[in-house]
Amino acid sequence: MTDTKKVIIVGTGFVGTAIAYSIVNQGIAEELVLIDLDTAKAEGEAADLRHGVPFGPSRIKVRAGGYEECSNADVIIITAGVNQKPGETRLALVERNAAIMKGIIKNVMDSGFNGIFIIASNPVDIMTYIAWKESGLPHERVIGSGTTLDTARLRSGLSEYFNVDPRNIHTYIMGEHGDTEFATWSHATIASQPITEYIKKHGNKYKMEDLEQIFIDTRDAAYYIIERKKATYFGIGMCVARIAKAVLNNERAILPVGVYLDGIYGQTDVFSSAPSVVSRKGIEEIIELELTEEELKKLDHSINVLKETMKPVL
């Protein structure tokens with residue numbers, strides 16, 4: 001780690017700039033560099049962000065730059081790639097974005113980079129695997145944004161349903177960041193109570209059957225948003241900033257990020273989401289939950305879909 005908490009974002013589209021805005025607003029880094037093929041766009045975004053720093057929580061140096069800036073970066077966040085179109089699945093993006101990812105990783109590694117990658121390009125599980133393979137870095141230093149956003153969406157939906165602060169609702173979405181993801185209802189809690197117990201204690205006010213619709217709305221949230229505003233970026237912006245903060249501050253925070261599975265849950269040689277300890281080292285530990293038989297079947301299905309989709313680009 002450098003003395004200045006240096007973060008680089010590659011890609012200044014909707015997602016990249018939302019992450020940058022979140023980092024500046026929260027004072028997460030001390031130095032923020034934006035890289036994009038469209039250098040004028042990167043320069044404009046950097047200037048716009050820089051002008052807000054006087055009203056931010058701390059001083060942060062924001063500028064546009066090139067890949068030579070990567071040599072001493074602590075964290076590099078990659079968002080570059082083709083956007084998801086209305087009605088298109090994240091997995092349909094795989095071939096188009098794989099080539100883009102390989103080129104970016106080569107440019108970054110040629111600079112001498114030796115920090116931590118956070119990947120937010122879709123389909124994120126596959127792009128994270130490609131970034132790991134192409135970089136040659138230990139897998140614990142390549143982190144996918146995974147299901148942090150999906151988990152936040154689920155907690156938000158449950159918050160609306162139960163009318164409690166989403167920060168006091170704990171549960172995880174696991175598997176692919178996409179159509180085969182699933183909710184770990186067996187580990188969902190409100191105020192440390194299992195969600196099933198919380199529902200029972202409120203008589204007929206809440207129903208377990210309603211939770212499935214909340215999950216469906218969570219899983220399909222991207223389609224809903226893209227139909228209405230063409231892209232999703234604010235939610236993922238805050239999620240990726242949260243991961244970067246955990247790394248830079250050595251928090252050992254537990255987040256549902258995209259991690260390399262090497263035997264855990266019976267899965268191997270794949271990046272998928274699981275609650276993990278995130279620190280300055282990257283991924284320190286994957287927390288292995290006691291999943292139900294049904295949840296394990298859903299994880300198997302999700303991993304099988306990912307591996308089949310990866311074959312053409314590996």
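Select helix α3, residues 94–110: the helix has 17 residues and reaches 24 Å from its first C-alpha to its last, close to the 24 Å expected at 1.5 Å a residue. What you are looking at is a predicted model.

**Stop 1: the two sides of α3**

Keep α3 on screen and colour Val94, Asn97, Ala98, Met101, Ile104, Ile105 and Val108, which are buried. Then turn the view to look down the axis of α3. The buried residues fall within an arc of 135°, so they line one face of the helix. Now colour Glu95, Ala99, Lys106 and Asp110 in a second colour; these residues are on the other side of α3 and are exposed.

What do the buried residues of α3 pack against? Add three strands to the selection, β1 (6–10), β4 (75–78) and β5 (116–119), and two helices, α4 (124–135) and α10 (293–310); the buried residues of α3 pack against these elements.

Before leaving, step just past the end of α3 to Gly112, which takes a positive phi of about 100°.

**Stop 2: the loop between β5 and α4**

Next select Ser121, placed in the loop between β5 and α4. Is Ser121 buried or exposed? At 2% relative accessibility, Ser121 counts as buried. Show the side chain of Ser121 and the backbone of Ile78: a polar atom of that side chain lies 3.4 Å from the backbone oxygen of Ile78. Ile78 is also among the residues in contact with Ser121 once neighbours within four places in sequence are left aside; the others are Thr79, Ala80, Met101 and Met127. Met101 was coloured at the previous stop as one of the buried residues of α3.

Stay in this loop and select Pro123, which is also placed between β5 and α4. Look at the peptide bond that leads from Asn122 to Pro123: this bond is cis, with omega near -5°.

**Stop 3: an annotated pair**

Select Arg155 and His170 together. The UniProt annotation "binding site", from an unreviewed entry, covers these two residues. They span 16 residues in sequence, yet no two of their C-alpha atoms are more than 7.1 Å apart, so they gather at one spot. Both Arg155 and His170 belong to the lining of the second largest pocket.

Take Arg155 on its own. This residue lies in helix α5, residues 148–162. At 23% relative accessibility, Arg155 counts as partly exposed. Which residues does Arg155 touch, not counting those up to four places away in sequence? Show Pro166, Arg167, Ile169, His170 and Thr171 to see them.

Move to His170, which is placed in strand β7, residues 169–170. His170 counts as partly exposed, at 44% relative accessibility. Not counting residues up to four places away in sequence, His170 touches Arg155, His187, Ala188 and Thr189. Now show the side chain of His170 with the backbone of Arg167: the backbone oxygen of Arg167 lies 3.5 Å from a polar atom of the His170 side chain.

**Stop 4: the loop between β10 and β11**

Select Ala191, in the loop between β10 (189–190) and β11 (193–194). Ala191 has a positive phi of about 55° although it is not a glycine. At 54% relative accessibility, Ala191 counts as exposed.

Extend the selection to Ser192, which is placed in the loop between β10 and β11. Ser192 is not a glycine either, and has a positive phi of about 70°. Ser192 counts as exposed at 69% relative accessibility.

**Stop 5: Gln267 and Asp300**

Finish with Gln267, in the loop between β12 (253–262) and β13 (268–279). At 6% relative accessibility, Gln267 counts as buried. With which side chain does the side chain of Gln267 make a polar contact? Select Asp300 as well: the polar contact runs between the two side chains, at 2.5 Å. Leaving aside neighbours within four places in sequence, Gln267 is in contact with Leu261, Asp262, Leu299, Asp300 and Ile303. To connect this stop with the start of the tour, show α10 (293–310) again, one of the elements that the buried residues of α3 pack against.

Key:
Residues are numbered from 1 along each chain as its sequence is written. This is a predicted model: local features need pLDDT of at least 70, side-chain atom pairs count only at pLDDT 80 or more; totals for chains, interfaces and linings use all residues. Side-chain values use heavy atoms; hydrogens and water are left out. UniProt positions are given in the numbering used here, feature names are shortened, and annotations may be inferred rather than shown by experiment. On a 1 Å grid over the protein atoms alone, a cavity is a set of points where a 1.4 Å probe fits but cannot get out, and a pocket is an open set with protein on both sides within 12 Å along at least five of seven lines; lining residues have an atom within 4 Å of a point. Helices (H or I, at least four residues) and strands (E, at least two) are DSSP runs, numbered from the N terminus. Buried means under 20% relative accessible area, exposed over 50%, partly exposed in between (1.4 Å probe, protein chains only). Contact means heavy atoms within 4.5 Å. A polar contact is a pair of N or O atoms within 3.5 Å; within protein, one must be able to donate a hydrogen and the other to accept it, and residues adjacent in sequence count only if both atoms are side-chain atoms. The expected span of a helix is 1.5 Å times one less than its number of residues. The arc is that of the directions from the helix axis to the C-beta atoms.
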